[in-house]
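Got your viewer open? Load the model, switch to cartoon view and keep the selection box handy for a short walk.

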Amino acid sequence: MKIVEVIPHIIAERLETSFGMSQFYWNTRSSCVVEIVTDEGVTGWGECFGLPAANRALIESMYAPLLIGRDPTERVSLWEAMYQRGRTHKGIAITALSGVDIALWDLAGKIAGQPVYQLLGGKSDAVQTYASSFYYGGLFDDDIEREAEHLLKQGFTAFKIKVGGRSIEDDAERVRRVRAAVGPDARLAVDANRGYTAAEAIVFGQAISEQNIWWFEEPVPPEDLAGYARVRAALTIPIAGGESEYTRWGFRDLLAGEYVDVVQPDTEACGGIGEMLLIAGMASAFGAAMSPHVWGSAIATATALHVISALPHGTPSMTRERPRMELDTSPNSLRDKLAFLDPGPIMRVPERPGLGIEIDRAGLDHFRV
């Protein structure tokens with residue numbers, strides 16, 4: 001079997017209602033999805049994180065020529081060839097590689113007649129999710145109590161709120177309101193999306209220290225490792241980060257420096273499925289918790305379900321649960337209409353071969369840019 005086509009598709013939807021995080025508001029969702037076609041008619045699908053046009057350009061100009069005519073099951077050698085050709089080992093070069101790698105794993109499962117989780121040694125348990133929610137604006141227009149009621153009725157018991165886009169006092173009050181609305185036993189994380197300086201993050205963390213916070217995500221820019229160290233040393237809240245980091249080498253430095261308590265690689269960004277498992281093994285060796293970042297279409301969601309089913313526990317315990325999957329609860333037609341996944345507080349790992357989803361070609365054409 002040989003690869004005959006590598007097709008990056010840009011898909012997008014214009015949002016009726018924008019929603020925000022610490023740095024800007026989203027009014028459009030977009031993504032680059034990767035289709036790899038073989039000479040035997042088997043097709044694999046992947047997805048890249050970040051700038052769709054840049055991902056497409058890299059795949060078309062640099063990675064596709066390396067893949068055409070190659071055996072798609074040679075995932076390791078193909079990954080290494082793309083990695084070495086990329087020259088830069090951070091950013092878009094790796095996000096584009098990640099989408100290709102996911103498509104190769106989807107192909108591998110279809111060729112073997114097995115779902116990806118079985119190839120990874122995982123199992124088909126139900127995966128609990130947490131509601132990545134409480135953005136600025138959005139459908140609920142900052143009505144925190146109404147949004148909490150909506151999510152609780154769906155059955156969610158874990159939540160994440162965006163912070164860093166307003167004053168420290170205003171955001172601390174928003175966190176207190178969410179805690180009061182979801183109850184004392186619900187898990188509640190806060191995500192600053194790199195919006196604070198270290199000094200600001202420490203003041204904010206201290207202001208919410210009594211709210212039983214699950215973790216404090218991306219308190220400072222990812223380049224500011226000294227800032228991460230200062231924040232972690234000053235607070236008792238677990239510090240999370242890593243969605244903006246790439247490959248096992250980037251995470252080696254993040255873990256060896258003890259900058260975070262929770263690592264959050266994104267399969268679409270960190271180098272793909274194989275790289276995610278290497279990072280997970282390293283996190284296990286350092287005793288760090290693992291909670292993958294998830295953002296994107298149905299392909300990203302399905303990929304995360306398979307990966308989470310196979311993650312090792314850093315510190316085994318009868319009481320330790322598997323990581324919950326991040327589930328963005330803002331409107332997302334690229335997830336909900338590109339394939340059927342039935343998103344909710346509990347999701348099943350797809351059982352069909354490969355990623356286990358059927359891409360709706362009509363939906364792909366509808367959202368294609």
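How many of the six residues of strand β3 (residues 43-48) are buried? Bear in mind while you look that this is a predicted model. Select 43-48 and colour by accessibility: six of the six residues are buried, so β3 is largely enclosed by the rest of the structure.

Now show the side chains of β3. On one side you'll find Thr43, Trp45 and Glu47, and on the other Gly44, Gly46 and Cys48; both faces are covered, with each of these residues buried.

Next, add residues 25-38, which is strand β2. The strands β2 and β3 pair in the antiparallel sense over six bridges. To line them up, pick Cys32, which stands opposite Cys48 in β3. Then follow the hairpin round: four residues sit between β2 and β3, and Gly41 takes a positive phi near 80°.

Zoom out to the sheet. Four strands form an open sheet, ordered β3-β2-β1-β5, and the pairing is antiparallel. At the edges stand β3 and β5 (136-137), each with a single partner strand, so one side of each has no neighbour in the sheet. For the β5 end, select β1 (residues 3-20) as well: β1 and β5 pair in the antiparallel sense over two bridges. Here Phe19 stands opposite Gly137 in β5.

What lies across these strands? Select residues 92-112, helix α3: the helix lies across β1, β2 and β3, running at about 150° to β3.

Time for the rings. Keep Phe19 and add Phe24, Trp26, Tyr135 and Trp295: ring pairs link these five residues into a cluster. Across the structure there are 13 aromatic pairs. Take Phe24 and Trp26 as a sample: their ring centres are 5.1 Å apart and their planes are at 70°, so the pair is edge-to-face; the cut-off for that label is over 60 degrees.

Are Phe24 and Trp26 buried or partly exposed? Phe24 has 36% relative accessibility and therefore counts as partly exposed. Trp26, at 25%, also counts as partly exposed.

Stay with Trp295 and bring in Arg29. Arg29 lies over the face of Trp295, at 4.7 Å from the ring centre.

For the last stop, select Arg75 and Trp105. Here the charged end of Arg75 sits over the ring of Trp105, 3.9 Å from its centre.

Notes. Residues numbered from 1 in each chain as written. Heavy atoms only, no water. Phe/Tyr/Trp six-rings, centres within 6.5 Å; stacked < 30°, edge-to-face > 60°. Buried < 20%, exposed > 50% of the residue type's maximum accessible area, 1.4 Å probe, protein only. Lys NZ or Arg CZ within 6 Å of the ring centre and 35° of its normal. Pairing = 2+ DSSP bridges. Contact = heavy atoms within 4.5 Å. Axes fitted to C-alpha atoms, helices over the stretch in contact; angles between N-to-C directions.
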